[in-house]
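Hello,

Here is the structure I said I would pass on. My notes on one helix and one sheet follow below.

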Amino acid sequence: MAPLKFTFLTDIHYFSPLLGTEGKAYERENSKSQKLLKDSGMAIASAFNAISQDKSNDIVLINGDLTNNGEMESHQGIIEMLRALKMTGKRVFVTTATHDFQGDGKAWRFEGDEKIETRAAIREELFEMYREFGPDQAMSVHEDSMSYAVELEEGYVLLALNDDRNHKGQSGFSDDLFEWITNQINLAKENGQTVVAMTHHPLIAPSELYAAIGKNDMMGEHETRLRQLADMGIGFVFTGHSHIHNISYESYENGKVIFDISTASLAGYPAYYRVVTIDSEKNEMDIRTLKTEGFDEQFTDQFFGMIRRVINAAADDIDDFAQKAEAFSVRSRFTYRYGWMIKPFAKLIRKLRVGTVCRICKKEAGLSPEEFEQVKDMKVMDLVITLAMNLYKGDGEYTPDTPEYKAAMGFASVADAFLEKIHMPVGKFLKGADSLSDVIEPLLYKNGIPDADAVIPVIADADYIKTVISETERTKSKKGIGILAVLILIVLILLPFLPLIAVILGICALANYIKYYKKIKEFS
Ligand SMILES: [Fe+2]
Ligand SMILES: [Fe+2]
């Protein structure tokens, strides 16, 4: 049986330029997003162009969220682009997802200051709209979910699973769909075929942070469904939705192992897609990552530049801050009232250097004098933004021997010790996370299987998993009690001055109210 090769994309989120990509209303809408809507069309065109020139394979899989928010104009545009891709000799198989329809059939376009209602597709329309990209070539279709099974090459079956609803109020597989999936898997087994499954929502969280804050973005009943698929002998599933580039696995006590291969969005940083070769005879899957060239600067600036701009505005310019904070649903009235309290913190965050933070975690970080020199002037804000970018692109560059890793993990160790002492473990804020160290470490670098380029087994077992786990040593800080004692001491020292502090704060609040009286009234 020859190996199977295909190109995999997800979350391409096309936004038609006919809907307006400039002006205040558009900027307001797009400024809080990781996607850059106005460039989505060009990024897709660039990727499709590269794909059409790659003659090494003729299969393209696109795993849902084809449009921004289901706008009809966006659907029409992307369908034309998909047809053009097919004309270059590619076989194109797509699924739609929750961003491709609206229950009320309403989406938005933008004109100057105005956000104007426009027609969105409703779910029932999607099957007919996209049937030429998969269902028409399918051996079997599950109509209610719009899922389908198609033979990609001899010996390889694609299960394109649409998980936009499970009929229990979540995304996921309905019982009826799951019965169909079971039948398809059994049929493939009987025929000696390998199943290539793709489904939009993650079955395994692509990071500790996502597990904690993106819980509702996991596939409904993901733990049960993942286990069921693994038990049926499915070794891997391709997913999207999180816009995070990641390869994770789950292993069970019965020896079954299943990978969740999640791919980043094409419409925002890092604009990755994958080319995959599956060789069932060798039990080997080669996963490569390609980047859509030419959008790095805009896509990086779109989201990560925004974080920096908001902090700068908070530190320097209250009017600018009020405007930018609106994009994050913070009311201008609130910003004008309390911005003066946020200002010193924003200034501090902007100024804070790694060297300053390292003072409290010198021992835990274990930096040599040369290593300290290398990072001491680095701004904490820059490091945090790099870690946020690493969350999306995977494979952080800070291996355990780098000073950045040592400094960040040293700080996390002290913070964990303190939080433990005051009985406030990170799990209380970030459900599912055991410690701050667990959250930060994968953002610094990927331990085990790389996220972008990896060679993994088609069907893995417990013996394979033993070869990829390599635990890094962690220093456990004992400073928790010391920090607590210092804080208590500071409070005790300040206690007699409380009335004075209250008066000063009151005067500042009054002065601020007088200064921004007009603005506060205007936005009330
Ligand atoms: Fe998406
Ligand atoms: Fe999604």
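**Helix α5 and the sheet**

α5 is followed by G192, whose phi is positive, near 65°. The model is predicted: local features need pLDDT of at least 70, side-chain atom pairs count only at pLDDT 80 or more, and totals for chains, interfaces and linings use all residues. Residues are numbered from 1 along each chain as its sequence is written, and chains are lettered from A and ligands numbered from 1 in the order in which they are written.

Helices (H or I, at least four residues) and strands (E, at least two) are DSSP runs, numbered from the N terminus. α5 covers residues 175-190, 16 in number. Its buried residues (20 or more other C-beta atoms within 10 Å of their own, C-beta atoms being placed from the backbone) are L177, F178, W180, I181, Q184, I185 and A188. They lie on the same side of α5, because they cover an arc of only 155° around the axis (taken from the directions from the helix axis to the C-beta atoms). On the other side, D175, E179, N186 and E190 are exposed (12 or fewer such atoms).

The buried residues of α5 pack against β6 (140-142), β7 (147-153), β8 (156-161) and β9 (194-199); contact means C-beta atoms within 7 Å.

The open sheet has seven strands in the order β6-β7-β8-β9-β10-β12-β11, with mixed pairing (at least two DSSP bridges between two strands). β6 and β11 (246-251) each have a single partner strand, so one side of each is left without a neighbour in the sheet. β11 and β12 (residues 257-262) run antiparallel, joined by six bridges; one of them pairs S251 with V257.

Regards

Note on methods. The expected span of a helix is 1.5 Å times one less than its number of residues. Two residues are in contact if their C-beta atoms, placed from the backbone, lie within 7 Å.
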